[in-house]
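Work through the exercises below with the model open beside you. Try each task before reading its solution.

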Amino acid sequence: MIGPIGAWRRRPVTWLGALVTAAVLVGVIGGPPMAALGREASDDRGPATAHSLVSGVLAEREVFGFLPYWELGDADSLDLDILTTLAWFSVEAGADGWLVRRTTDGSAAPGWAGWTGESGARLRFRAQEAGVRVVLTVERFAWDRAGMKATVALLSDPLARAVLVRDIVDTVTVRGGDGVNLDFEPMPSTVSREFLQLVRELRTGLDAVDDRLQLTFDLPPSIRGYRLRRLVAPDAADAVVLMGYEYRTASSRTAGPVAPLRDAGGLDLRASARRALARVPADRLILALPWYGRAWSTRSEEPRSRTRRGDRFIGPSAAPYEVSVARASLAGRRYERSSASAWSAYLAAACSTCPVGWRQLWYDDVDSMRAKVGFALRRGLRGVGIWALGQQGDRPELWSALRFSLEDTSDDVPPVGRVSLSADSVLGTRDGLPVVGSSVVLLMEADDGADGSGVAFVRIAPRGGRTERGSLRRGTTFPAADLVRIAMPGAEPLADVFVPGGEAPPIVPPPASDPDHDPGRRVLFVGWRDVAGNWSTPQRLDVYYDSDLTSQ
């Protein structure tokens, strides 16, 4: 997972308290595990919902979304008709076994405060009323020496594991949760057997309360260090969530996709899934996909360029989907079909005296999601996951991409749209047409209808020619937006503004031999595409361009 990792102060455990806890657990972890058939009862808690539950713990087709505590403010934007499991991220497991409740300064740990607070309670109620299971993610990161030491100490101590099991079971059930997700990463090879034991002990502890409580664990893309076959046995976890992201990190030497479907140069989603499926049944594997991207300073505009480091360059940074789309709305959106990844390239500087250089942002969008969800379905996986809910902001197209990928839904009707100039872009009139300067702001109105898949992209071009798929040739694609600022064909490109057709050689005005030639006349064509891939009929906009004028 990606997110802030704090240094928490652990809840102290006295020897007397530990012994009492261990005594309480005798009947929980000392007894025989529940039989596999004992977990096949259907879920009869609450009203019937649209989600089809299998064995009472997993949906027939899982959509497993992680909601980080720092995204709780965006919880109202969740599509609870699509989600089947919502994982609250997260509460840390301390080396002594207790869930971490306080930070080093004595304040409530934010993950704990969110799970136990009123806002978390309201979210659980709303989600469960919609038929969505709400589980608690318990994390234990070992990405540095201190984290590694704490993970080994916790897993290698039977008493600490017993304390953790009891604390998790109590914390989940007292708050009305539906289970737990374990995010222990990476897994030290010296305690892989002990992690398996923890999962088995937790399975028994949950079943002692209610055998319909869900238990999953998370798996890094390398899949190393986990005893997968035994971890998904009947006495262990219900499913494993493969974290299909972070194939490129902040320290990567080249820019590129965070979650490549195919990558000739290294590990990719296909390889990770293949390795996992060699040990795990397909119906026990959930493929989580990223709703975020990452940007690097690069040596050139060329895709997958080498990254640059140093104080004179902007450092690498993660970008939630809504931020990635905002950037692509300025710089234009490109797409690498082989890896099923969207990307943008733009110029930027770290400071006023620093050199201007290229920056590349790679992220997943509508087409990425549909390609990767389609891959998961073809492989027969139990479902897909999302890291992380809330990172879509108020943009609905990723939800729509999920729905149209997972459900038997079709959309054959293209959107309709209308384009106009902002008032600030019109500097006068000539022959009844607006006169503009080197750049303009285009106002967009587009609609895909109540039953459509939703408008996802807009493409702007200086010519009306179209491809077989219906998109404008030699144009620049942007995420769907209410407005787009562009440089006029024939004008000097501006920072963060692509001339329409920027994906092809620079555009020049029509030659004088063209019978329709007018030295100052420019034509723009604008077309919209929905999530399902239908392109609208392009709209034409005629203007006069005066290079001596400046518009907004």
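The exercises move from the whole protein to its barrel and then to its helices.

This is a predicted model, where local features need pLDDT of at least 70, side-chain atom pairs count only at pLDDT 80 or more, and totals for chains, interfaces and linings use all residues. Residues are numbered from 1 along each chain as its sequence is written, and side-chain values use heavy atoms, leaving out hydrogens and water.

**Exercise 1. Describe the protein as a whole.**

Step 1: count the elements. There are 12 helices and 26 strands. Both are DSSP runs numbered from the N terminus: helices are H or I with at least four residues, strands E with at least two.

Step 2: look at burial. Of the 552 residues, 55% are buried (under 20% relative accessible area, 1.4 Å probe, protein chains only).

Step 3: look at the surface. The protein exposes about 23,200 Å², and carbon and sulfur atoms supply 51% of that (Shrake-Rupley method, 1.4 Å probe).

**Exercise 2. Trace the barrel and find how its ends meet.**

Step 1: follow the strands. The order β4-β5-β7-β8-β9-β10-β11-β17 gives a closed barrel of 8 strands with parallel pairing. Two strands pair if DSSP finds at least two bridges between them.

Step 2: check the twist. On average, neighbouring strands of this sheet are turned by 25° against each other, direction ignored.

Step 3: inspect β4 and β17. They pair in the parallel sense over 5 bridges. Gly65 stands opposite Ile386 in β17.

**Exercise 3. Work out how α5 and α6 are arranged.**

Step 1: find the crossing. The axes of α5 (residues 145-156) and α6 (residues 158-174) come within 5 Å and cross at roughly 90°. Axes are lines fitted to C-alpha atoms, for helices over the stretch in contact; angles run from 0 to 180 degrees between N-to-C directions.

Step 2: classify the angle. The two helices are therefore roughly perpendicular (65 to 115 degrees).

Step 3: list the contact (heavy atoms within 4.5 Å). Leu154, Leu155 and Ser156 of α5 meet Pro158, Ala160, Arg161 and Leu164 of α6.

**Exercise 4. Is helix α12 largely enclosed or open, and why?**

Step 1: check burial. In α12 (residues 397-406), 8 of the 10 residues are buried, so the helix is largely enclosed by the rest of the structure.

Step 2: name some of them. The buried residues include Glu397, Trp399 and Phe404.

Step 3: find the cover. It includes β4 (62-68), α10 (321-331), α11 (366-378) and β17 (383-387).

Notes: Buried < 20%, exposed > 50% of the residue type's maximum accessible area, 1.4 Å probe, protein only. Parallel < 35°, antiparallel > 145°, perpendicular 65-115°, else oblique.
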